[in-house]
Amino acid sequence: MLFVLLAMVVLASLLSDRFLTTNNLLNVARQVAINAILAAGMTVVILSGGIDLSVGSVLALSGAVGAGIIAGGGSWLVAVLAMLGLGTLLGAVNGFFVAYGQLPPFIVTLAMMAFARGSTLVYTGGRPITVFHPSFQWFGHGQVGPIPAPVFLVIVLYVIAHVFLSHTKVGRLIYAVGGNEQASRMAGIRVNQIKVLVYALSGFTAALAGIVLTSRLFSAQPTAGSGYELDAIAAVILGGTSLAGGRGSVTGTIIGALIIGILGNVLNLLNVSSFYQDVAKGIVILAAVLLDRLLHAGGRGVAVKGVSQGE
């Protein structure tokens, strides 16, 4: 999918002379950060053969709880830890019902989406919670050298996720469970524990995204994160991860997130109505995935042919 990303960069630079400016590229990076963080956790879940529809609502609830703690005079560090802990706990609850309740991930996470969204509205009373704290604002507005803090967090997160999935035993077990759950059980892999773990990780990244978003907006919005789960799933699929599980990577996911971010940025630069932006995104995502599938199918055909010839 890297070729699609490069093609979009070239096309975007031709359509708008403002695209390649430093300020715009930094703006794209900041906008992509939230989706990229959510998509990292979503990748792990989808690799295991599941799906998580609750990440947008968990983001909102975590953000509201953290903002409430700071607004009430609490420590920003306690607020951050509480947000991450809550997100991880809600994710683990998802994993528990999927693994030990033998319930479909779609149903479990849909229920969690409704629960977390409703809890956010109850907690906030339907009103935003304003947050002004110098240390907490670093997550959305800080810098690490020339790199914006949200982008720095994405880089660190993806390096850790790549090492975790590619170079650890647990990472390989996640691929195994997604590739063939029944065979994994017969091989003695603790499938249920793996499932709880991947959903807990998804909840953790949702909470991390909630921290960045709340910091960026200077407030926790009760409607924050609505529809974010679809963007995260789209980034994962665009990145080449199979919805059936067992195949994919976080390096592909970051490319998918960048494609979605650049597309949205170009449409904004061209002053395309928001009504048409979702239409354009849907068409581009579908076309990109179809093209990728065709190219991969061609590659497999060549490989099979080569094997046959070798034999």
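Buried means under 20% relative accessible area, exposed over 50%, and partly exposed in between (1.4 Å probe, protein chains only). This is a predicted model: local features need pLDDT of at least 70, side-chain atom pairs count only at pLDDT 80 or more, and totals for chains, interfaces and linings use all residues. Residues are numbered from 1 along each chain as its sequence is written, and side-chain values use heavy atoms, with hydrogens and water left out.

**View 1. Helix α11 is largely enclosed by the rest of the structure.**
Eight of the 11 residues of α11 are buried, so the helix is largely enclosed. Helices (H or I, at least four residues) and strands (E, at least two) are DSSP runs, numbered from the N terminus. The buried set starts with E229. A232, I233, A234 and A235 are also in it. V236, I237 and L238 complete the set. Just after α11 comes G240, with a positive phi of about 95 degrees.

**View 2. The largest pocket has a volume of about 380 Å³.**
A pocket is an open set of points on a 1 Å grid where a 1.4 Å probe fits, with protein on both sides within 12 Å along at least five of seven lines; lining residues have an atom within 4 Å of a point. Its volume is the space filled by probe spheres set on the points, which are joined across faces, edges and corners. The largest pocket has 17 lining residues. Q31, V32, N35, D231 and K281 lie nearest its centre. Five elements give two or more residues each to this lining: α2 (22–47), α10 (191–217), α11 (228–238), α12 (250–269) and α13 (274–310). Helix α12 supplies the largest share, six residues. By class, the lining holds seven nonpolar, seven polar and three charged residues. Ala, Val, Leu, Ile, Met, Phe, Trp, Tyr, Cys and Pro count as nonpolar, Asp, Glu, Lys and Arg as charged, and the others, Gly among them, as polar.

**View 3. The second largest pocket has a volume of about 330 Å³.**
Its lining counts 18 residues. Those closest to the centre are L157, I160, A161, F204 and T205. Helices α2, α4 (76–99), α7 (149–167) and α10 each give two or more residues to the lining. The most come from α7, with seven. In this second largest pocket, 16 lining residues are nonpolar, two are polar and none is charged.

**View 4. Two salt bridges occur in the structure.**
A salt bridge is a side-chain nitrogen of Lys or Arg within 4 Å of a carboxyl oxygen of Asp or Glu. Side chains of opposite charge can pair when their charged atoms come close. E181, R185 and K195 are linked in a network of such bridges.

**View 5. R185 and E181 form a salt bridge within helix α9.**
The distance from N to O is 3.0 Å. The partners sit four residues apart in α9 (residues 181–186), so about one helical turn separates them. An α-helix has 3.6 residues a turn, so residues three or four places apart point the same way. R185 is partly exposed, at 31% relative accessibility. E181 is partly exposed too, with a relative accessible area of 28%.

**View 6. E181 also bridges to K195.**
This side-chain contact is 3.0 Å from N to O. The pair links distant parts of the chain, 14 residues apart. E181 belongs to helix α9, and K195 to helix α10. K195 is buried, with 12% relative accessibility.

**View 7. F218 has a positive phi in a loop.**
Its phi is near 60 degrees, and F218 is a residue other than glycine. F218 lies in the loop between α10 and β4 (219–220). At 30% relative accessibility, F218 is partly exposed.

**View 8. N271 has a positive phi in another residue other than glycine.**
Phi of N271 is near 60 degrees. N271 is located in the loop between α12 and α13. The relative accessible area of N271 is 68%, so this residue counts as exposed.
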